[in-house]
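Here is a walk through one protein model, taken a piece at a time. Keep the structure open and turn it as you read.

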Amino acid sequence: MADTDTIAAIASAPGAAGIGVVRVSGPHVPAIAQALLGRAPQPRHAHLAVFHDDDGSLIDHGLLLHFPAPHSYTGEHVLELQGHGSAVLLDLLLRRVCVLGARLARPGEFTERAFLNGKLDLAQAEAVADLIAARSEAGARAALRSLDGAFSQRVQALLDALVALRVHVEAAIDFPEEEIDFLADPAIARQLQALRTQLADLLVETRRGVRLTDGLKVAIVGRPNAGKSSLLNALAQSERAIVTPIAGTTRDVLRETVSLDGVVLELADTAGLRDTQDEVEREGVRRARGELARADLVLLVTEAAHRVADLHLLAELPANVACLVLVNKIDLDAAAPTELSHAGVDHLRISARTGAGLDGLRTELRARAGAGSGEGAFSARRRHVLALEHVQAHFEHAAGALAASAGELAAEDLRQAQHALGEITGSYTSDDLLGAIFGSFCIGK
Ligand code: GDP
(Lines give C-alpha, C1' and ligand atoms only; values in the text may rest on other atoms or scores of the structure.)
Protein backbone atom coordinates (compact mmCIF):
# COMPACT_ATOMS: atom_id res chain seq x y z
CA MET A 1 0.00 0.00 0.00
CA ALA A 2 1.05 3.57 -0.62
CA ASP A 3 1.49 6.16 2.13
CA THR A 4 -1.67 7.09 3.88
CA ASP A 5 -1.24 10.83 3.68
CA THR A 6 -2.98 13.01 1.13
CA ILE A 7 -1.08 14.66 -1.71
CA ALA A 8 -1.99 17.56 -3.97
CA ALA A 9 -0.49 19.25 -7.01
CA ILE A 10 -1.36 21.36 -9.99
CA ALA A 11 -1.44 19.11 -13.02
CA SER A 12 -1.27 20.80 -16.38
CA ALA A 13 -0.36 19.69 -19.86
CA PRO A 14 3.22 20.70 -20.68
CA GLY A 15 3.25 23.98 -22.56
CA ALA A 16 -0.49 24.42 -22.16
CA ALA A 17 -0.46 27.59 -20.08
CA GLY A 18 -3.81 28.36 -18.57
CA ILE A 19 -5.17 24.82 -18.62
CA GLY A 20 -4.75 23.05 -15.35
CA VAL A 21 -6.40 21.24 -12.52
CA VAL A 22 -5.59 20.78 -8.88
CA ARG A 23 -5.38 17.03 -8.30
CA VAL A 24 -5.65 15.57 -4.81
CA SER A 25 -5.26 11.95 -3.73
CA GLY A 26 -5.50 10.21 -0.38
CA PRO A 27 -7.72 9.47 2.58
CA HIS A 28 -8.49 13.11 3.39
CA VAL A 29 -10.14 13.68 0.02
CA PRO A 30 -13.77 13.16 1.15
CA ALA A 31 -13.30 15.66 4.00
CA ILE A 32 -11.56 18.17 1.71
CA ALA A 33 -14.31 17.81 -0.91
CA GLN A 34 -16.98 18.30 1.75
CA ALA A 35 -15.23 21.44 3.03
CA LEU A 36 -14.88 22.94 -0.46
CA LEU A 37 -18.38 22.07 -1.68
CA GLY A 38 -20.28 22.46 1.59
CA ARG A 39 -21.70 18.94 1.20
CA ALA A 40 -20.58 15.48 0.22
CA PRO A 41 -20.01 15.26 -3.57
CA GLN A 42 -21.58 12.55 -5.68
CA PRO A 43 -19.03 10.09 -7.06
CA ARG A 44 -17.80 10.87 -10.59
CA HIS A 45 -20.15 13.81 -10.91
CA ALA A 46 -19.12 17.29 -12.04
CA HIS A 47 -20.26 19.74 -9.37
CA LEU A 48 -20.23 23.46 -9.96
CA ALA A 49 -18.43 24.78 -6.88
CA VAL A 50 -17.44 28.14 -5.45
CA PHE A 51 -13.96 27.85 -3.93
CA HIS A 52 -13.24 30.03 -0.89
CA ASP A 53 -10.04 30.78 0.96
CA ASP A 54 -9.57 30.08 4.70
CA ASP A 55 -10.85 33.54 5.56
CA GLY A 56 -13.96 33.10 3.41
CA SER A 57 -12.77 35.26 0.52
CA LEU A 58 -13.57 34.05 -2.99
CA ILE A 59 -10.78 32.21 -4.85
CA ASP A 60 -12.56 31.07 -8.01
CA HIS A 61 -15.49 29.05 -9.18
CA GLY A 62 -15.16 25.90 -11.17
CA LEU A 63 -15.78 22.19 -11.26
CA LEU A 64 -15.22 19.62 -8.53
CA LEU A 65 -15.03 15.90 -9.29
CA HIS A 66 -14.66 13.11 -6.76
CA PHE A 67 -13.46 9.62 -7.75
CA PRO A 68 -13.90 7.42 -4.67
CA ALA A 69 -11.32 4.70 -3.95
CA PRO A 70 -10.56 2.29 -5.44
CA HIS A 71 -11.98 3.36 -8.81
CA SER A 72 -9.54 6.16 -9.51
CA TYR A 73 -6.17 6.74 -11.18
CA THR A 74 -4.23 6.18 -7.95
CA GLY A 75 -6.61 3.65 -6.45
CA GLU A 76 -7.16 6.11 -3.58
CA HIS A 77 -9.85 8.77 -3.17
CA VAL A 78 -9.09 11.35 -5.85
CA LEU A 79 -10.40 14.88 -6.20
CA GLU A 80 -10.00 17.06 -9.26
CA LEU A 81 -10.65 20.77 -9.10
CA GLN A 82 -10.91 22.83 -12.27
CA GLY A 83 -10.85 26.58 -12.09
CA HIS A 84 -10.48 29.31 -14.67
CA GLY A 85 -6.96 28.20 -15.37
CA SER A 86 -5.09 31.19 -13.98
CA ALA A 87 -1.82 29.98 -12.49
CA VAL A 88 -2.29 32.38 -9.55
CA LEU A 89 -5.77 31.13 -8.75
CA LEU A 90 -4.73 27.50 -9.13
CA ASP A 91 -1.96 28.17 -6.68
CA LEU A 92 -4.37 29.69 -4.17
CA LEU A 93 -6.63 26.66 -4.58
CA LEU A 94 -3.67 24.32 -4.05
CA ARG A 95 -2.74 26.17 -0.86
CA ARG A 96 -6.32 25.96 0.36
CA VAL A 97 -6.34 22.20 -0.21
CA CYS A 98 -3.09 21.92 1.74
CA VAL A 99 -4.61 23.85 4.66
CA LEU A 100 -7.47 21.35 4.56
CA GLY A 101 -5.08 18.43 5.09
CA ALA A 102 -3.08 17.66 1.94
CA ARG A 103 0.63 18.11 1.34
CA LEU A 104 2.41 18.98 -1.91
CA ALA A 105 3.06 15.95 -4.08
CA ARG A 106 6.52 14.99 -5.25
CA PRO A 107 7.13 14.50 -8.99
CA GLY A 108 5.43 11.33 -10.23
CA GLU A 109 3.84 10.61 -6.86
CA PHE A 110 0.32 10.11 -8.23
CA THR A 111 1.57 7.54 -10.73
CA GLU A 112 3.81 5.95 -8.10
CA ARG A 113 0.74 5.44 -5.90
CA ALA A 114 -1.14 4.00 -8.87
CA PHE A 115 1.75 1.54 -9.25
CA LEU A 116 1.94 0.72 -5.53
CA ASN A 117 -1.83 0.16 -5.45
CA GLY A 118 -1.69 -2.22 -8.41
CA LYS A 119 -3.48 0.08 -10.87
CA LEU A 120 -0.54 0.05 -13.28
CA ASP A 121 2.59 -2.06 -13.51
CA LEU A 122 5.97 -0.40 -13.76
CA ALA A 123 6.24 -0.50 -17.55
CA GLN A 124 2.79 1.09 -17.81
CA ALA A 125 3.77 3.77 -15.29
CA GLU A 126 6.82 4.58 -17.41
CA ALA A 127 4.55 4.80 -20.45
CA VAL A 128 2.63 7.59 -18.68
CA ALA A 129 5.81 9.68 -18.58
CA ASP A 130 6.71 8.73 -22.14
CA LEU A 131 3.25 9.70 -23.34
CA ILE A 132 3.54 13.12 -21.72
CA ALA A 133 7.03 13.63 -23.15
CA ALA A 134 6.28 12.21 -26.62
CA ARG A 135 7.78 14.32 -29.41
CA SER A 136 6.18 12.56 -32.33
CA GLU A 137 2.82 11.11 -33.23
CA ALA A 138 4.28 7.63 -33.62
CA GLY A 139 5.92 7.99 -30.19
CA ALA A 140 2.68 9.10 -28.54
CA ARG A 141 0.67 6.27 -30.09
CA ALA A 142 3.27 3.74 -29.04
CA ALA A 143 3.32 5.09 -25.47
CA LEU A 144 -0.46 4.83 -25.32
CA ARG A 145 -0.25 1.18 -26.37
CA SER A 146 2.26 0.49 -23.61
CA LEU A 147 0.03 2.30 -21.14
CA ASP A 148 -2.80 0.02 -22.27
CA GLY A 149 -0.57 -2.92 -21.43
CA ALA A 150 0.59 -4.06 -24.89
CA PHE A 151 4.22 -4.38 -23.76
CA SER A 152 3.43 -5.68 -20.26
CA GLN A 153 1.25 -8.44 -21.69
CA ARG A 154 4.09 -9.64 -23.88
CA VAL A 155 6.43 -9.70 -20.88
CA GLN A 156 3.80 -11.48 -18.81
CA ALA A 157 3.28 -14.13 -21.51
CA LEU A 158 7.01 -14.80 -21.47
CA LEU A 159 6.98 -14.94 -17.66
CA ASP A 160 4.13 -17.46 -17.64
CA ALA A 161 5.94 -19.71 -20.10
CA LEU A 162 9.15 -19.37 -18.09
CA VAL A 163 7.41 -20.29 -14.85
CA ALA A 164 5.96 -23.38 -16.52
CA LEU A 165 9.46 -24.43 -17.60
CA ARG A 166 10.87 -23.77 -14.14
CA VAL A 167 8.27 -26.06 -12.63
CA HIS A 168 9.61 -28.90 -14.79
CA VAL A 169 13.26 -28.19 -14.08
CA GLU A 170 12.76 -27.72 -10.34
CA ALA A 171 10.79 -30.97 -10.22
CA ALA A 172 13.71 -32.77 -11.84
CA ILE A 173 16.06 -31.44 -9.18
CA ASP A 174 13.68 -32.46 -6.41
CA PHE A 175 13.87 -36.06 -7.56
CA PRO A 176 17.61 -36.46 -7.99
CA GLU A 177 17.46 -40.17 -8.75
CA GLU A 178 15.40 -39.38 -11.84
CA GLU A 179 17.05 -36.02 -12.60
CA ILE A 180 19.03 -37.11 -15.62
CA ASP A 181 15.98 -38.67 -17.26
CA PHE A 182 13.88 -35.64 -16.51
CA LEU A 183 16.38 -33.18 -17.91
CA ALA A 184 17.05 -35.30 -20.96
CA ASP A 185 13.37 -35.10 -21.86
CA PRO A 186 13.40 -33.35 -25.24
CA ALA A 187 10.22 -31.52 -24.26
CA ILE A 188 12.23 -29.42 -21.80
CA ALA A 189 14.79 -28.42 -24.42
CA ARG A 190 11.97 -27.62 -26.83
CA GLN A 191 10.21 -25.50 -24.21
CA LEU A 192 13.40 -23.53 -23.61
CA GLN A 193 13.98 -23.11 -27.33
CA ALA A 194 10.44 -21.76 -27.76
CA LEU A 195 11.10 -19.29 -24.94
CA ARG A 196 14.28 -18.13 -26.61
CA THR A 197 12.46 -17.51 -29.90
CA GLN A 198 9.68 -15.65 -28.10
CA LEU A 199 12.27 -13.53 -26.30
CA ALA A 200 14.21 -12.76 -29.49
CA ASP A 201 11.02 -11.44 -31.11
CA LEU A 202 10.18 -9.37 -28.06
CA LEU A 203 13.70 -7.92 -27.97
CA VAL A 204 13.41 -6.75 -31.60
CA GLU A 205 10.10 -5.04 -30.88
CA THR A 206 11.35 -3.57 -27.60
CA ARG A 207 14.38 -2.04 -29.33
CA ARG A 208 12.03 -0.52 -31.88
CA GLY A 209 9.92 0.75 -28.96
CA VAL A 210 12.99 2.54 -27.56
CA ARG A 211 13.60 4.17 -30.93
CA LEU A 212 9.98 5.32 -31.05
CA THR A 213 10.33 6.76 -27.55
CA ASP A 214 13.81 8.26 -27.72
CA GLY A 215 14.10 8.80 -31.46
CA LEU A 216 16.58 7.05 -33.75
CA LYS A 217 20.13 7.99 -32.75
CA VAL A 218 22.02 8.61 -35.96
CA ALA A 219 25.74 9.37 -36.01
CA ILE A 220 27.16 10.91 -39.18
CA VAL A 221 30.80 9.99 -39.80
CA GLY A 222 33.28 10.24 -42.62
CA ARG A 223 36.54 11.84 -43.63
CA PRO A 224 36.81 15.63 -43.38
CA ASN A 225 35.10 17.44 -46.25
CA ALA A 226 33.00 14.45 -47.26
CA GLY A 227 29.90 16.60 -46.69
CA LYS A 228 28.76 15.52 -43.21
CA SER A 229 27.77 18.99 -42.03
CA SER A 230 26.07 19.70 -45.34
CA LEU A 231 24.06 16.51 -44.93
CA LEU A 232 23.07 17.40 -41.36
CA ASN A 233 21.93 20.81 -42.57
CA ALA A 234 20.04 19.35 -45.50
CA LEU A 235 18.18 16.93 -43.23
CA ALA A 236 17.57 19.55 -40.58
CA GLN A 237 16.87 22.18 -43.24
CA SER A 238 18.83 24.79 -41.35
CA GLU A 239 22.36 26.14 -41.19
CA ARG A 240 23.08 24.50 -37.83
CA ALA A 241 26.54 23.18 -38.72
CA ILE A 242 29.24 25.40 -40.17
CA VAL A 243 29.96 24.24 -43.71
CA THR A 244 33.38 25.23 -45.01
CA PRO A 245 35.82 23.74 -47.50
CA ILE A 246 38.60 23.61 -44.85
CA ALA A 247 39.16 20.11 -43.51
CA GLY A 248 38.60 19.65 -39.79
CA THR A 249 35.99 22.36 -39.16
CA THR A 250 33.55 20.27 -37.17
CA ARG A 251 35.49 19.94 -33.97
CA ASP A 252 32.76 19.08 -31.58
CA VAL A 253 29.73 16.86 -31.86
CA LEU A 254 26.82 18.83 -33.29
CA ARG A 255 23.36 17.60 -32.57
CA GLU A 256 20.09 18.19 -34.28
CA THR A 257 16.67 16.76 -33.66
CA VAL A 258 14.75 16.24 -36.85
CA SER A 259 11.13 15.20 -37.08
CA LEU A 260 10.40 13.19 -40.22
CA ASP A 261 6.69 12.58 -40.68
CA GLY A 262 5.98 11.52 -37.14
CA VAL A 263 9.28 10.00 -36.09
CA VAL A 264 12.20 11.67 -34.34
CA LEU A 265 15.83 11.47 -35.43
CA GLU A 266 18.62 12.50 -33.09
CA LEU A 267 21.38 13.40 -35.52
CA ALA A 268 24.95 13.87 -34.42
CA ASP A 269 27.56 15.21 -36.80
CA THR A 270 30.91 14.05 -35.53
CA ALA A 271 34.40 15.31 -36.17
CA GLY A 272 36.02 13.57 -39.12
CA LEU A 273 37.58 10.34 -37.94
CA ARG A 274 41.28 10.78 -38.63
CA ASP A 275 44.60 10.95 -36.88
CA THR A 276 45.44 14.52 -36.05
CA GLN A 277 48.03 16.46 -34.08
CA ASP A 278 45.57 19.23 -33.22
CA GLU A 279 44.59 18.90 -29.52
CA VAL A 280 41.09 20.28 -29.96
CA GLU A 281 40.40 18.20 -33.02
CA ARG A 282 41.74 15.12 -31.28
CA GLU A 283 39.17 15.67 -28.54
CA GLY A 284 36.52 15.91 -31.26
CA VAL A 285 37.62 12.59 -32.71
CA ARG A 286 37.48 11.03 -29.23
CA ARG A 287 33.90 12.28 -28.79
CA ALA A 288 33.01 11.00 -32.24
CA ARG A 289 33.98 7.51 -31.15
CA GLY A 290 31.83 7.85 -28.01
CA GLU A 291 28.92 8.92 -30.18
CA LEU A 292 29.32 5.84 -32.34
CA ALA A 293 29.03 3.55 -29.36
CA ARG A 294 25.59 5.03 -28.57
CA ALA A 295 24.22 5.17 -32.13
CA ASP A 296 21.37 3.08 -33.54
CA LEU A 297 22.57 3.85 -37.04
CA VAL A 298 25.80 5.21 -38.48
CA LEU A 299 25.72 7.15 -41.72
CA LEU A 300 29.15 6.91 -43.33
CA VAL A 301 29.47 9.82 -45.75
CA THR A 302 31.93 9.41 -48.58
CA GLU A 303 32.25 10.47 -52.21
CA ALA A 304 32.85 8.67 -55.46
CA ALA A 305 36.64 8.93 -55.46
CA HIS A 306 37.08 7.78 -51.86
CA ARG A 307 34.16 5.40 -51.59
CA VAL A 308 36.20 2.19 -51.50
CA ALA A 309 39.05 3.54 -49.38
CA ASP A 310 36.60 4.96 -46.83
CA LEU A 311 35.12 1.55 -46.15
CA HIS A 312 38.00 0.96 -43.73
CA LEU A 313 36.11 3.31 -41.38
CA LEU A 314 33.49 0.58 -41.06
CA ALA A 315 36.07 -1.49 -39.22
CA GLU A 316 36.26 1.22 -36.55
CA LEU A 317 32.56 1.00 -35.77
CA PRO A 318 31.40 -0.92 -32.72
CA ALA A 319 30.07 -4.37 -33.58
CA ASN A 320 26.29 -4.61 -34.07
CA VAL A 321 25.81 -0.97 -35.07
CA ALA A 322 23.87 -0.72 -38.31
CA CYS A 323 25.56 1.34 -41.00
CA LEU A 324 24.47 2.96 -44.23
CA VAL A 325 27.10 4.29 -46.64
CA LEU A 326 26.16 7.52 -48.43
CA VAL A 327 28.06 8.27 -51.60
CA ASN A 328 27.75 12.06 -51.59
CA LYS A 329 28.38 14.79 -54.19
CA ILE A 330 26.86 12.82 -57.06
CA ASP A 331 26.10 16.19 -58.65
CA LEU A 332 29.83 16.75 -59.31
CA ASP A 333 30.47 14.11 -61.89
CA ALA A 334 27.50 12.11 -62.97
CA ALA A 335 29.79 9.68 -64.80
CA ALA A 336 31.91 8.85 -61.72
CA PRO A 337 31.44 5.28 -60.48
CA THR A 338 29.50 5.04 -57.20
CA GLU A 339 28.99 1.30 -57.11
CA LEU A 340 29.65 -0.44 -53.78
CA SER A 341 27.58 -3.57 -54.14
CA HIS A 342 30.66 -5.75 -54.33
CA ALA A 343 31.53 -4.63 -50.78
CA GLY A 344 28.20 -5.97 -49.51
CA VAL A 345 27.25 -2.74 -47.73
CA ASP A 346 23.95 -0.86 -47.80
CA HIS A 347 24.53 2.33 -49.71
CA LEU A 348 22.67 5.25 -51.25
CA ARG A 349 23.79 7.90 -53.74
CA ILE A 350 23.05 11.44 -52.64
CA SER A 351 23.95 15.07 -53.05
CA ALA A 352 23.72 17.09 -49.88
CA ARG A 353 24.07 20.20 -52.05
CA THR A 354 21.30 19.62 -54.62
CA GLY A 355 19.15 17.34 -52.48
CA ALA A 356 19.30 14.49 -54.98
CA GLY A 357 18.66 11.14 -53.30
CA LEU A 358 17.64 12.72 -49.99
CA ASP A 359 14.01 11.63 -50.31
CA GLY A 360 15.17 8.04 -50.54
CA LEU A 361 17.39 8.60 -47.51
CA ARG A 362 14.50 10.08 -45.54
CA THR A 363 12.32 7.08 -46.37
CA GLU A 364 15.09 4.77 -45.20
CA LEU A 365 15.57 6.72 -41.96
CA ARG A 366 11.86 6.75 -41.24
CA ALA A 367 11.67 3.01 -41.67
CA ARG A 368 14.64 2.46 -39.37
CA ALA A 369 13.13 4.79 -36.77
CA GLY A 370 10.13 2.50 -36.56
CA ALA A 371 7.62 4.55 -38.56
CA GLY A 372 4.89 2.48 -40.11
CA SER A 373 5.90 -0.39 -37.87
CA GLY A 374 2.31 -1.41 -37.65
CA GLU A 375 -0.59 -1.12 -35.31
CA GLY A 376 1.04 -3.12 -32.56
CA ALA A 377 4.15 -1.00 -31.95
CA PHE A 378 4.61 -0.15 -28.28
CA SER A 379 6.98 2.23 -26.51
CA ALA A 380 9.84 0.98 -24.37
CA ARG A 381 12.94 2.16 -22.55
CA ARG A 382 16.61 1.21 -22.58
CA ARG A 383 16.14 -0.26 -19.10
CA HIS A 384 13.72 -2.78 -20.60
CA VAL A 385 16.13 -3.73 -23.37
CA LEU A 386 18.91 -4.26 -20.82
CA ALA A 387 16.65 -6.47 -18.72
CA LEU A 388 15.67 -8.54 -21.78
CA GLU A 389 19.34 -8.87 -22.75
CA HIS A 390 20.03 -10.26 -19.28
CA VAL A 391 17.19 -12.72 -19.73
CA GLN A 392 18.69 -13.73 -23.07
CA ALA A 393 22.09 -14.40 -21.49
CA HIS A 394 20.50 -16.49 -18.74
CA PHE A 395 18.50 -18.50 -21.29
CA GLU A 396 21.69 -19.18 -23.19
CA HIS A 397 23.48 -20.40 -20.05
CA ALA A 398 20.46 -22.46 -19.06
CA ALA A 399 20.43 -24.14 -22.48
CA GLY A 400 24.11 -25.04 -22.06
CA ALA A 401 23.53 -26.34 -18.54
CA LEU A 402 20.56 -28.43 -19.66
CA ALA A 403 22.59 -29.94 -22.47
CA ALA A 404 25.22 -30.89 -19.87
CA SER A 405 22.51 -32.26 -17.55
CA ALA A 406 23.54 -29.69 -14.92
CA GLY A 407 20.06 -29.25 -13.48
CA GLU A 408 21.00 -26.97 -10.57
CA LEU A 409 22.82 -24.54 -12.84
CA ALA A 410 19.97 -24.44 -15.35
CA ALA A 411 17.47 -23.86 -12.54
CA GLU A 412 19.53 -20.98 -11.15
CA ASP A 413 19.77 -19.29 -14.55
CA LEU A 414 16.05 -19.64 -15.11
CA ARG A 415 15.40 -18.20 -11.66
CA GLN A 416 17.57 -15.18 -12.48
CA ALA A 417 15.87 -14.81 -15.86
CA GLN A 418 12.53 -14.63 -14.08
CA HIS A 419 13.92 -11.98 -11.76
CA ALA A 420 15.15 -9.85 -14.68
CA LEU A 421 11.77 -10.12 -16.41
CA GLY A 422 10.00 -9.20 -13.20
CA GLU A 423 12.05 -6.01 -12.96
CA ILE A 424 10.42 -4.77 -16.17
CA THR A 425 6.88 -4.89 -14.88
CA GLY A 426 7.87 -4.22 -11.29
CA SER A 427 7.19 -7.52 -9.54
CA TYR A 428 10.76 -7.08 -8.31
CA THR A 429 11.84 -3.52 -7.61
CA SER A 430 14.22 -1.60 -5.45
CA ASP A 431 13.63 1.81 -3.89
CA ASP A 432 16.49 3.15 -6.01
CA LEU A 433 14.82 2.00 -9.20
CA LEU A 434 11.46 3.47 -8.21
CA GLY A 435 13.15 6.72 -7.18
CA ALA A 436 14.92 6.95 -10.53
CA ILE A 437 11.76 6.24 -12.51
CA PHE A 438 9.24 8.39 -10.70
CA GLY A 439 11.72 11.18 -9.89
CA SER A 440 11.91 11.95 -13.60
CA PHE A 441 8.16 12.57 -13.90
CA CYS A 442 6.68 16.03 -13.78
CA ILE A 443 4.82 17.22 -10.70
CA GLY A 444 1.11 16.48 -10.75
CA LYS A 445 1.46 13.19 -12.65
P1 GDP B 1 32.36 17.83 -43.58
O2 GDP B 1 33.75 18.24 -43.28
O3 GDP B 1 32.27 16.37 -43.87
O4 GDP B 1 31.34 18.28 -42.57
O5 GDP B 1 31.99 18.53 -45.00
P6 GDP B 1 31.15 19.85 -45.28
O7 GDP B 1 29.70 19.60 -45.14
O8 GDP B 1 31.75 21.00 -44.50
O9 GDP B 1 31.42 20.01 -46.83
C10 GDP B 1 32.74 20.16 -47.35
C11 GDP B 1 32.66 20.81 -48.70
O12 GDP B 1 31.98 19.97 -49.63
C13 GDP B 1 31.88 22.13 -48.68
O14 GDP B 1 32.51 23.03 -49.58
C15 GDP B 1 30.52 21.71 -49.21
O16 GDP B 1 29.85 22.80 -49.83
C17 GDP B 1 30.88 20.66 -50.21
N18 GDP B 1 29.79 19.71 -50.42
C19 GDP B 1 29.10 19.03 -49.48
N20 GDP B 1 28.14 18.24 -50.06
C21 GDP B 1 28.25 18.44 -51.38
C22 GDP B 1 27.52 17.94 -52.53
O23 GDP B 1 26.61 17.11 -52.45
N24 GDP B 1 27.94 18.37 -53.74
C25 GDP B 1 28.94 19.26 -53.89
N26 GDP B 1 29.25 19.64 -55.12
N27 GDP B 1 29.62 19.76 -52.86
C28 GDP B 1 29.28 19.37 -51.62
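**A threonine inside a helix**

Let's start with Thr-206, which is buried: its relative accessible area is 0%. This is a predicted model, so keep that in mind for everything that follows. Thr-206 sits in helix H8. What does its side chain have for polar company? A polar atom of the Thr-206 side chain lies 2.6 Å from the backbone oxygen of Leu-202.

Helix H8 also takes us to the largest pocket. Helix H8 (186-214), helix H10 (279-294) and helix H12 (382-403) are the elements that each give two or more residues to the lining of that pocket. The space inside comes to about 630 Å³. Which residues should you click on to find the middle? Of the 20 residues in the lining, Arg-207, Arg-211, Ala-295, Asp-296 and Arg-382 lie nearest the centre of the pocket. Sorted by class, the lining has 12 nonpolar residues, 7 charged ones and 1 polar one. Try colouring by domain as well: domain 2 (137-212 + 381-425) and domain 3 (215-369) each supply at least three residues to the lining of the largest pocket.

While you're at helix H12, look for Gly-400, which is found in that helix. With a relative accessible area of 41%, Gly-400 is partly exposed. Ala-410 is 10 residues away from Gly-400 along the chain, and their C-alpha atoms are separated by 7.9 Å.

**Strands around S9**

Now move to strand S9 (residues 263-269), which pairs with S8 in the antiparallel sense over 7 bridges. Is strand S9 enclosed or open? Of its 7 residues, 6 are buried, so S9 is largely enclosed by the rest of the structure. Strand S7 (residues 216-221) pairs with S9 too, running parallel to it and joined by 5 bridges. You can pick out the register from individual residues: Lys-217 stands opposite Glu-266 in S9. On the S8 side, Leu-254 has Asp-269 of S9 as its bridge partner, and Glu-256 has Leu-267.

Strand S8 (residues 254-260) has two faces worth telling apart. Leu-254, Glu-256, Val-258 and Leu-260 make up the covered face, while Arg-255, Thr-257 and Ser-259 are on the uncovered one. Why do the residues fall into two sets like this? In a regular strand the side chains alternate between the two faces of the sheet.

Just past S7, there's a backbone detail to look at. Asn-225 is in the loop between S7 and helix H9 (228-236). Its phi is near 75 degrees, a positive value in a residue other than glycine. Asn-225 is partly exposed, at 33% relative accessible area.

**The six-stranded sheet**

Next comes an open sheet of 6 strands with mixed pairing, in the order S3-S4-S5-S2-S1-S6. Which strands stand at the edges? They are strand S3 (47-52) and strand S6 (103-104); each has a single partner strand, so one side of each is left without a neighbour in the sheet.

For S3, the partner is strand S4 (residues 58-67), which runs antiparallel to S3 and is joined to it by 6 bridges. One place to check this is His-47, which stands opposite Leu-64 in S4. The side chains of S3 alternate as well: His-47, Ala-49 and Phe-51 point to one face and are buried, whereas Leu-48, Val-50 and His-52 point to the other face and are not. The hairpin of S3 and S4 has 5 residues between the strands, and there Gly-56 takes a positive phi near 90 degrees.

Both ends of this hairpin lead to loops with something to show. Arg-44 lies in the loop between helix H1 (29-37) and S3. Though Arg-44 is not a glycine, its phi is positive, at about 50 degrees. Pro-70, for its part, is found in the loop between S4 and strand S5 (78-82). A cis peptide bond joins Ala-69 to Pro-70, with omega about 0 degrees.

**After helix H14**

Finish with Phe-441, in the segment after helix H14 (431-439). Is Phe-441 buried or exposed? Phe-441 has 6% relative accessibility and counts as buried, because the cut-off for buried is under 20%. Its C-alpha is 9.2 Å from that of Asp-130, although the two residues are 311 apart in sequence.

Methods: Residues numbered from 1 in each chain as written. Predicted model: local features only at pLDDT ≥ 70, side-chain atom pairs only at ≥ 80, totals over all residues. Heavy atoms only, no water. Buried < 20%, exposed > 50% of the residue type's maximum accessible area, 1.4 Å probe, protein only. Helix = DSSP H or I, 4+ residues; strand = E, 2+ residues; numbered from the N terminus. Pairing = 2+ DSSP bridges. 1 Å grid on protein atoms, 1.4 Å probe; cavity = no way out; pocket = protein on both sides within 12 Å on 5 of 7 lines; lining within 4 Å. Points joined across faces, edges and corners; volume = space filled by probe spheres on them. Nonpolar A, V, L, I, M, F, W, Y, C, P; charged D, E, K, R; others polar. Domains from an automatic or database assignment. Polar contact = N/O pair within 3.5 Å; in protein donor to acceptor, adjacent residues only side chain to side chain.
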